Amino acid sequence: GRYTVGLAKGLIEAKKNHEVFLLFNEAYPAEIPRLKAIFKKNFSEDHFLTWCSPVISGKASIEENNVLIQAVAHVYAQAIINYKADVLVNCGLFHEFFICSGIEAIPLLAQNNIKVAIVCYDFIPLKKPDIYLRDDNIKRLYEEIFNFFSYADVILCISDFVANEASDFFSENKNIVAISSA
């Protein structure tokens, strides 16, 4: 989306002596050529990396899907560790509930001293749980995913408004930055 593209452009401009790679999820095949076209003037082809996350089966049991999710997390974390990344910028924890996005790798990355930045779009489900979190399974899943923010070294909020709201949900010593004005 536009926030992710804008953030990536800002990181590229500010990179100074850092090397930047873009890691695309092959679960979104239509997006990869579009994004490569946007950034081809900034990078050679070897700076575009991909990984493929499986889709969770609606027919599998919760236990079977959890095994798959944890396996994906380890593969994703190991790939990032092998790339010798200093920082991972996760552009959204809540994009897809049925695609293994690798977010479960965030604690593994933190344990390996890889800095983690997570983009935060809003807190609407938490502020209006009677509308968005009525289903107990969705609520549990949302809360599990929300807990990954605790591993973030920095939370990148899409607006000053969201950054102000973030202080209601996170401790004072959490590094919260509004990126729309950054």
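In this predicted model, Ile 118 stands opposite Ile 155 in strand S5. On the other side of the pairing scheme, Ile 118 in S4 is the bridge partner of Asn 90. Ile 118 thus serves as a convenient entry point to the sheet described below.

**The sheet**

The strands S3, S4, S5 and S6 follow one another in that order in an open sheet of 4 strands, with parallel pairing. Strands S3 and S6 (176–178) occupy the edges; each has a single partner strand, so one side of each remains without a neighbour in the sheet. From one strand to the next, the twist averages 20 degrees.

Strand S4 (residues 115–120) is mostly covered, with 5 of its 6 residues buried. Its pairing with S3 (residues 87–90) is parallel and comprises 4 bridges. Towards S5 (residues 154–157), S4 again pairs in the parallel sense, over 4 bridges. Between S3 and S4, Val 89 stands opposite Ala 117. In a regular strand, side chains alternate between the two faces of the sheet.

The residue pairs named for these strands are as follows.

| Residue | Opposite residue | Strand of the opposite residue |
|---|---|---|
| Val 89 | Ala 117 | S4 |
| Asn 90 | Ile 118 | S4 |
| Ile 118 | Ile 155 | S5 |

**Surface and helical residues**

Ile 124 belongs to helix H5, which covers residues 124–127. Its relative accessibility is 39%; a residue is called buried under 20% and exposed over 50%, and Ile 124 therefore counts as partly exposed. Together with Ile 131 and Tyr 132, Ile 124 forms a nonpolar patch on the surface, and the accessible area of these residues together is about 290 Å².

Gly 6 is located in helix H1 (residues 2–13). With a relative accessibility of 42%, Gly 6 also falls between the two cut-offs and so counts as partly exposed. Gly 6 and Ile 179 are separated by 173 residues in sequence, while their C-alpha atoms are 9.4 Å apart in space.

**Confidence of the model**

The chain has a mean pLDDT of 82, and 87% of its residues reach 70 or more. Confidence is lowest in helix H3 (residues 62–82), where the mean is 77. The highest value belongs to helix H6 (residues 129–132), at 93.

Notes: Residues are numbered from 1 along each chain as its sequence is written. This is a predicted model: local features need pLDDT of at least 70, side-chain atom pairs count only at pLDDT 80 or more; totals for chains, interfaces and linings use all residues. Side-chain values use heavy atoms; hydrogens and water are left out. Patches are made of residues with over 30% relative accessible area and no salt bridge: like charges are joined within 9 Å, nonpolar side chains (Val, Leu, Ile, Met, Phe, Trp, Tyr) within 5 Å. Accessible areas come from the Shrake-Rupley method with a 1.4 Å probe; for residues, only the protein chains shown count as cover. A salt bridge is a side-chain nitrogen of Lys or Arg within 4 Å of a carboxyl oxygen of Asp or Glu. Helices (H or I, at least four residues) and strands (E, at least two) are DSSP runs, numbered from the N terminus. Buried means under 20% relative accessible area, exposed over 50%, partly exposed in between (1.4 Å probe, protein chains only). pLDDT is the predictor's confidence in each residue, from 0 to 100. Two strands pair if DSSP finds at least two bridges between them. Axes are lines fitted to C-alpha atoms, for helices over the stretch in contact, and angles run from 0 to 180 degrees between N-to-C directions.
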